[in-house]
Amino acid sequence: MEKKYWQNFGELNDSEASKKAADNEFREELPFELSDKLFKAPTQRRDFLKYLGFSTTAAMIAASCEMPVRKAIPFANKPEDIVPGVANYYATTYVQDGEAISVLAKVRDGRPIKIEGNYLSPLTNGGTSAKVQASVLSLYDTARLKFPTIDGKEVTLEYIDQAVGTALTGLGGAQVALLTSTINSPSGLEVIGQFLAKYPGSRHVVYDADSYTGLLLANEANYGKRAIPSYNFAKAKVIVSLGADFLGTWLSPDEFAPQYVKGRKIDEKNPAMSKHYQFESILSITGSNADERYTHKPSETGAIAVALLNALTGEGAANISDAKLKAGIAKAAKDLSANRGAGLVVCGSNDPNIQQVVNAINNAIGAGGNTIDWSSVNKSKAGVDSDLAGLINDMNAGRVGAVVIISSNPAYTWGDSKAFANALKKVKVAVSLNPKNDETTQLCKYVIPDHHYLESWGDAEPKSGFVSLMQPTINPLFKTRQWQDTLLKWVGAASDYHTYFKNYWLGKLGNETAFDKALQAGVVNNASVNTSIVSSIADTLAAPVRALTGNAGSYNGGGVTAAIAAIGNLPKGGDVELVLYKKVGIGCGEGSGNPWLQELPDPVTRATWDNYVIISPAMAKSLLGIDLNNNAHVDAYEVHPAKDVVKVTAKGKDPVSLPILIVPGVHPNTVGIAVGYGRTDKLGKVAEGVGKDVFYLTSFNGTSVSFEVPGVTVEKTGDTYDVAQIQTHNIYDTPMGNRTEVVKELTLAAFKKDPEEILNDREYETRHYGGLESYEKQGTIYPYYDKPGIHWGMSVDLNSCTGCGACVVACHIENNVPIVGKSEVKRFHDMHWLRIDRYYSGDMDNPQVVFQPLMCQHCDNAPCENVCPVSATNHSSEGINQMAYNRCIGTKYCANNCPYKVRRFNWADYNGGDSFPDNQNFSGVGKLDPAVHVMNEDLTRMVLNPDVTVRSRGVMEKCSFCVQRCQEGKLNAKRESRPLNSGEVTLENTPDVQTACQQACATGAIVFGNANDKNSAVSKVRENNKLRLFHSLEQLHVLPNVNYLAKVRNREEEAVSTHHEG
Amino acid sequence: MFKLRQLTTITTPKKYLLLFVSFLFSASLFAQDGKALFTANCASCHSVTKKLTGPALAGVESRWPSREKLHDWVHNSSKVIQSGDEYAVNLFNEYNKTQMTAFPQLSAQDIDAILDYIKVEETKAAAATAAPVGETQTAADNGDQTLLYGILTLILAIVAFTLLYINANLKKMADDKEGIPATEPIPFWRNKAYITVFTLVLFLIGGYLITDGAVGLGRQQKYEPHQPIFFSHKVHPGVNQINCQYCHIGVYQGKQATIPTVNICMNCHMAINEYKGEKLFNAEGKEVDGTAEIQKLYKYAGFEPGKPWDPSKAKPIEWVRIHNLPDHVFFSHAQHVNAGRVQCQTCHGEVTSYNEMFQFAPLSMGWCINCHRTTKVQFESNGFYSMYEKYKEDIKNHKMDSVTVKDIGGAECQKCHY
C-alpha cells in the first residue's frame, strides 16, 4: 500500500528526532553518575547496593524469627446469596444528567467493583461508555460529601430536615424552585410532583449544561412537541452530520454508536455500507469516522444547513463560497435525494433556527417515520435554557424564596455563573442535594448529599417506553440520602422512597413476581424481557411499549422561512472563531473528579489531564511560526511536552491562556477548547488544578446557550506549558529500512473492485515461505507447537471501532492498572494495557483518521519471550503470552523487543504496594501526583479487583487477555462438565469468557474466544471476513493471536498523502 | 531430595484409597445425587454410622419393613406414628419424642437415592475399618532410617578416624624402627588437611542449613496454633462423620472453602450442648473440657440454652488462619474439589484424626507443581475435555496413556499467577 499513515508530524516528515525517538522507547538516562571514589561517590547506586545487602540480611533475620499471626473471620450469619470470593451481578442503571444506561454491577464480597452493560437493554445491547465504566470509582470517591451540613457544619439528617422544613414554611408565600438537570425517572417525577403540590406556586426548572434547547424548540415549532424524537442510524443509508458528535458526546452516543456501526458492518459477499458525511469545525471522533469530512467555520453551520436544504428543495439560498464545501454539500444532497427515506441529517447546533432548517431537510428527504421516529421520544435531555434565565431573573427580583438543587451545577456551567451566584444569594433558603461539594453546593446553606447510583433505588426512562430500574448494590457508605427520599420526607410522606418506588412499579407491573423479575432484569421495555411483564405494563405505561411504529410525526414547516431569514441575520463570524466542545470522558465536568477519565487519552489529541486550544496546522504556522514541513520545527513541537501558550480573547470576556495542540482537520480559522475543566478545589485532588474553565465563554442569546464564539483573537504569549500526551508508539521500521504499516485500510470502491487486495498483500508479504498457507511452519527455525484444547484468539473490527475509549477504561478497572498522573504520563510512563492508536493519513488539513485498539497481540512466536533472561514472560499452551510478575526483574528487554510496544513498565510505586514507606515521594523516580495518592487510599482501593495481582514497582506488565476471566470461564465449564462456550454474545447465549474490553465495547468491535473451536464467535468472524482479515506486522512471523479486520471507508477515491502547503 | 521421597511415599497409598473411593462413587449415579441430598437434608441430624440428634442410618433399610414405609416416614413421620406403627412409636419414644422434620418435597426417587447412598457409605465404612493404616507407619519408618543413617555415618566416621590414627601410629613406629627421625608431631587441630576437611564439611552443612532455611521462609508446614475455641475435627468429621461440605460450604463454588459461620455451628449445637465422647487432649497433652468449649461457642452466638436463639446477636469467631497462600497465588477450592475431584485429605491430611487443625502440606510451589505433574484430570468423565481432540486421538493411538493436569497447562505460570 502506498498510503502513508502517521500519528504525529515528525513521523509524517521522517524527522531525525522522531526516528531517534522510535529507536529509543525508554528515553531517559538512568539517574546514576560515574565516579572513581568508592565511598564518596555521588551515585545512589553504590549506596543502594550497600543498603540492599544490609537490609536483605536484616529482613531475612527478621522474617525468619516469627510469622505474623493472621486471622480468618467468617460471617456471624452468612447471607444466603453470598459465597465469599464469588461475584454476584445486579442489574441497575447508570444515571447522569438524564443520560441513563442499563448496567450490571459486579459485586464481590459486598463491594461493587465493575460495571458491565445490560444485554437486556434494547437501547445499548450491553454496550457501555468510558464514563459508565469509570462511574464505579465515583462511588469510592474520597471527595464525596459524607454527611449533611448546614453552613458547612455537620448535622444529622433529622436536624436538617427539621431546619429545612421550618425554613420552607417560613417563606411567606414566596415560591420554591426545584432546579434539576433532566430527570426522566417516572417515579422520581411523581415525587417531584408531590413536592410541587405541597408548596403551591413552586416550580420545577430543568436545566442541562449540555443544552439541547435549539433542538427542543425547533421540534416544538415544527412538530408541536417540545421533545426529541428517536433517531435510527442503523436504518440510515446516508448520514449527514452538521457538527453533531453523535458517536462521542451528542445526545445518546451509547444508543447511536451501535446503530451506526450496524450500517458499517461489511458483508464480504455483498459489500455495502452507509455513507457518512460530516461537516464540522474541529476534529471530533464522529468526524474521524466519517467517509467524507468537510471543515467550515462554526458560524457557517446555518448557511450550510440552508444550502443543503436549497440543494434538496430549492428553498433558501446557497451562500457558500468555499469550493470544497460547496462540492461537499452538493454531493451530500445528491446522496440524500437518491436515498429518500433512508437518509438522516443531524445537527449539533444549539440554535433553534438552524435546527428548524435541519427539520425541513429531514422532512424533505422523508426521514420521518424511517430514520426519525416520533413514536418514542428521547427523554435524556429536556432542559430549555431560557427557563434558567427566567429563574435567575425571578431570584433577583426576590420572587423565589427557596431553591432546591438536584444534580445541577449552574454556578459552574452557566455562562454567566456570577449572575447565578449573585441571584442565589438573594434566595432565603438554598438547598443542594448534589453528591459533591461542587461550585453550586458551596453557595448553598443546606446540603444533603445524594447517594451514588450504586447505593440508590430508582428508575429511569431515557426513551419513552424503555424503562431501566435501579437497585442498590451496597449499603450507603456515608451519611447520605437519595434526593427522592429527601423530597418525600419534606412532603411528609408516610413511606420512604424504596417503598414508594416498589408500590409505583407494583401498580404498573401487577404483582410481586413481575416486579422481582423486572428488577432482576433491570429493564422494562418492549423487547427481550419476559412477555408477561411486557403485556402487563403495555397498557399501563403512557408511552407505547410495543415495537416502535415508525411514527413520522406531523410536520409543520411554517416557521422555516423565518428561520432561514434569522440564520441570515446571525452575527457574521470574525477572523478566528472558537468552538467549546466536550470530551468523551470529562463531558461538562462530571468526569473531572475521576482519575480514570482524566487519564483516558482524548481519542483525537491523545492528551490527558488537561484542556488546551486545538488549532490547525495552518494557524500554527501563521500564529506561532511552527511549520510542520520543517523538521526542526516539528521536532521542537513534537519531542517536548512543553507547548506554546496562547491567549484566547472573546469580546467582552476575560481572556483565557491555554497551551496549544496542533490537530490536523481543524478548520484553519477555528480553534477549539474543551469544557469541563478548571473545577473548584473542593472536588478533590484529582480535579484540582486540571485545565481551565471556559464555560464563561458560552453566551446566552435569550433563547439558547451558544457553545460557539464567533469572534475571538488568539495571541502568542511566549510562555510554554506541558501537556501530557501519550507517546506515539507505533513507529516501526524493519531492519531493512522499510517502513511497514501497522494498519490496513481501503475504500469501499477499491474493495468492490478488488476484494482480494489485502489477501494478496498478505500472500505477497509471506511469499518467501510458501505464502499464507505454510507461513506458520516455514517462516521460522523454531519447532512447531501443538495447540491442544483451547487456543485463545481475538478479532478487532476496525470498521466497528469508533475510538470512544470505553475499552481502555474497562481494561484499567478489570486489571487494576494503576493511574500514574500527569507528571508520569508526560514522561511516557502511562500504564494503559490497551490503547487506541490514532492514525492520520492523507491531507494534512483534513486527514482521514483510523483508530486501532492495540493491546498485547499474544504472539505465538513472541519476540519478547525469547529475550527475557529470567523467563518471566513465556507462552502458555492456550496461546497466552504470560507475565509472571514475581519473576520479572525489570530488564525491559521484552519491551524493547516488542514490535507493537504494548508492554508497560512500572517505573514507580504507583500502587503504594511496596513495603518501603515514602517510596512514592522519592525524587529519584519522580514525585507522584496527588491523583496517584488518591487511588491508594483505603476507600478508593475498595474498587480493586481481588482476582488480579496489584503489580509492584520495577516489573513489566501488559494485557493478559483477561486471563482471570479465561480461568474462571474454564472452571465454570468444567464444573458443569461441558465444553467451553465461546459462541457469539446474544440474548440467549452468554459465552463463558468475555474480555473486559470486549464486554465494554458498545459496537461489538472486539470478539474473543477459542479459535480452535470452529463454532466460536472468533472463528466465525475470521471465517466470514477472510478478505479483510490481517495481522498487524504479520511479515515479522510473530504469529499474533489478535487479528484485525481492515477499515473500509465508503469513498470512491483513495486519499493522497500531501504535505501542508500553506 | 529427601523431602520429595517422603512425599511420594505418602501420596501413593492415598491414591489407591482415592481410586477405591472414586470407584465406589462411580458405581452408582444415584449415590452421587444421594450424597448431595443427604448433605442438604439429613446430615444436620443424622450420620451414617453415628447416633446424632437422630439415629445412625446404617442399616436403616433392614430395620424397616419396606422402602415405601420409609418414604412415608420421611414425608411425614407423625402420620406414621399416629398410624400406630410399632417400630415408629418405639423410635419416637427412644428419641425423647423429638419429631423428625417432615420432607414432603423429597420425591420417592430422592429418598431412594439417599438410601442408596447410605448403603454405599456403609460398605465404605466397613472397608475403612478393614484397611490397614500404613501411612503413619511409613512416615515413622522414614524418620527411623534418618536416625539409622546418622548413627551409621557417625560410627563409620569414628572408625575412619581411629584407623587413620592407628595408621599414623604404626607409621611412627615403623619410622622409629628404621631410624628415620621423627618430625615434630602436628596436633590434628593444626593439621592443614584436617582443617580443610573440617572447613569444607562445615561449609556444606552450613550452606545446606541456610538454603533449607531460606527456602522455608514464610512457609508454615505443621503450624498448629491455639484457636479461640478448641474445635476438634476428630470429633466432628471423624467420630460423628459430618460431611466436610456441611460446614465448609464454599468449597464447591468458590476460591475459599470458607470457615463455617456461627449459624452453621448452631444448627447442631442448639441441641448438642455437652460433650460426652472420648477424652480430648490438646497438642501439649492437656485435657480439654469439650462441654466448656461448647459454652464458648454459645458466648459467641449469644445463645442461652433453653431460650430461643436470636442469630442477629451472634458475633463472628476470630479463628487463627492456618493456611496462608501468598497474595500473588490464585487458588480455587472449586477448581480442585469440584472440577478436579481431589479429596480434601490430599492436601489437608487425615483431618478426621486431628484434634486441633494444623497445616499438613508445605503449600510450596514445588509441592503444587509436583501434584500437577502427576495428577490425572477427569479426561473421560468431564465433558470439558471433549475439546481436546488431539489428546483423545493420542490416547486412542496409545501415544499417551492419561492426561495430567500439566498436559492441560497446569504447570504454566498463569494457571495460578495473574
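**Notebook: chains A and B, predicted model**

I started where the two chains pair up: strand 2 (residues 71–72) of chain A is joined to strand 3 of chain B by two bridges, and the strands run antiparallel. Lys71(A) has Val320(B), in strand 3 of chain B, standing opposite. A reminder to myself that this is a predicted model, with local features read at pLDDT of at least 70.

**The A–B contact**

Next I looked up the rest of the interface. I get 49 residues of chain B in contact with 46 residues of chain A. On the chain B side, the elements giving two or more residues are helix 9 (192–215), helix 12, strand 3 (319–320), helix 14 (333–339), helix 17 (389–396) and helix 18 (413–416). Which of these gives the most? That is helix 14 of chain B, with four residues. I also checked what kinds of residue chain B brings to the side that touches chain A: 21 are nonpolar, 21 polar and seven charged.

**Chain B on its own**

I counted up the elements of chain B and have 18 helices and three strands. Of its 418 residues, 21% count as buried. Among the contacts in chain B with a separation of 6 or more, 70% come from residues 24 or more positions apart.

The domain split reads 2–130 for domain 1, 138–215 for domain 2, 234–375 for domain 3 and 377–418 for domain 4 of chain B. I took the centres of domains 2 and 3 of chain B over C-alpha atoms, and they are 51 Å apart.

I then pulled the UniProt record, an unreviewed entry, which lists residues 147–166 and 193–211 of chain B under "transmembrane region". How does the model draw these two spans? Residues 147–166 of chain B are 100% helix and 0% strand, with 28 Å between the end C-alpha atoms. Residues 193–211 of chain B are also 100% helix and 0% strand, and their end C-alpha atoms lie 27 Å apart.

**Cores**

Turning to the nonpolar residues, I found that the largest core holds 312 of them, and that Ala305(A), Leu308(A), Val357(A) and Ile361(A) touch the most other members. Helix 10 (residues 301–313) of chain A supplies the largest share of this core, nine residues. I followed Leu308(A) outwards: beyond its neighbours within four places in sequence, it is in contact with Ile329(A), Ala332(A), Ala333(A) and Ile361(A). Another core, of 29 residues, lies apart from the largest one and includes Ile111(B), Ala113(B), Leu115(B) and Val120(B).

**Strands in chain A**

I went through strand 17 (residues 429–432) of chain A residue by residue. Val429(A) and Val431(A) point one way, Ala430(A) and Ser432(A) the other way, and all are buried. I note the usual rule here: side chains in a regular strand alternate between the two faces of the sheet.

What does strand 17 of chain A pair with? Strand 16 (residues 400–406) of chain A runs parallel to strand 17 of chain A over four bridges, and Val403(A) has Ala430(A) as its bridge partner. Strand 18 (residues 446–447) of chain A is joined to strand 17 of chain A by two bridges, again parallel, with Tyr446(A) opposite Val431(A).

Elsewhere in chain A I found an open sheet of three strands in the order 1-34-35, paired antiparallel. Why is one side of strand 1 and of strand 35 left without a neighbour in the sheet? Strand 1 (5–6) and strand 35 (848–854) of chain A are at the edges and have a single partner strand each, so one side of each has no neighbour there. Strand 34 (residues 835–841) of chain A is joined to strand 35 of chain A by seven bridges, antiparallel. In that pair, Arg838(A) stands opposite Phe851(A).

**Positive phi**

Last, I looked for residues other than glycine with a positive phi, and wrote down two. Cys962(A) has phi near 50°. I placed Cys962(A) in the loop between strand 39 (956–957) and helix 33 (963–975) of chain A. Buried or exposed? Cys962(A) is buried, with 28 other C-beta atoms within 10 Å.

Thr258(B) has phi near 70°. Thr258(B) sits in the loop between helix 11 (244–247) and helix 12 (262–269) of chain B. Thr258(B) is buried too, with 22 other C-beta atoms within 10 Å. I noted that helix 12 of chain B also gives two or more residues to the side that touches chain A.

Key
Residues are numbered from 1 along each chain as its sequence is written. Chains are lettered from A and ligands numbered from 1 in the order in which they are written. This is a predicted model: local features need pLDDT of at least 70, side-chain atom pairs count only at pLDDT 80 or more; totals for chains, interfaces and linings use all residues. A nonpolar core is a set of buried Ala, Val, Leu, Ile, Met, Phe, Trp, Tyr and Cys residues joined through C-beta atoms within 7 Å. A residue is buried if 20 or more other C-beta atoms lie within 10 Å of its own, exposed if 12 or fewer, and partly exposed in between; C-beta atoms are placed from the backbone. Two residues are in contact if their C-beta atoms, placed from the backbone, lie within 7 Å. Two strands pair if DSSP finds at least two bridges between them. Domain bounds come from an automatic or database domain assignment. Ala, Val, Leu, Ile, Met, Phe, Trp, Tyr, Cys and Pro count as nonpolar, Asp, Glu, Lys and Arg as charged, and the others, Gly among them, as polar. UniProt positions are given in the numbering used here, feature names are shortened, and annotations may be inferred rather than shown by experiment.
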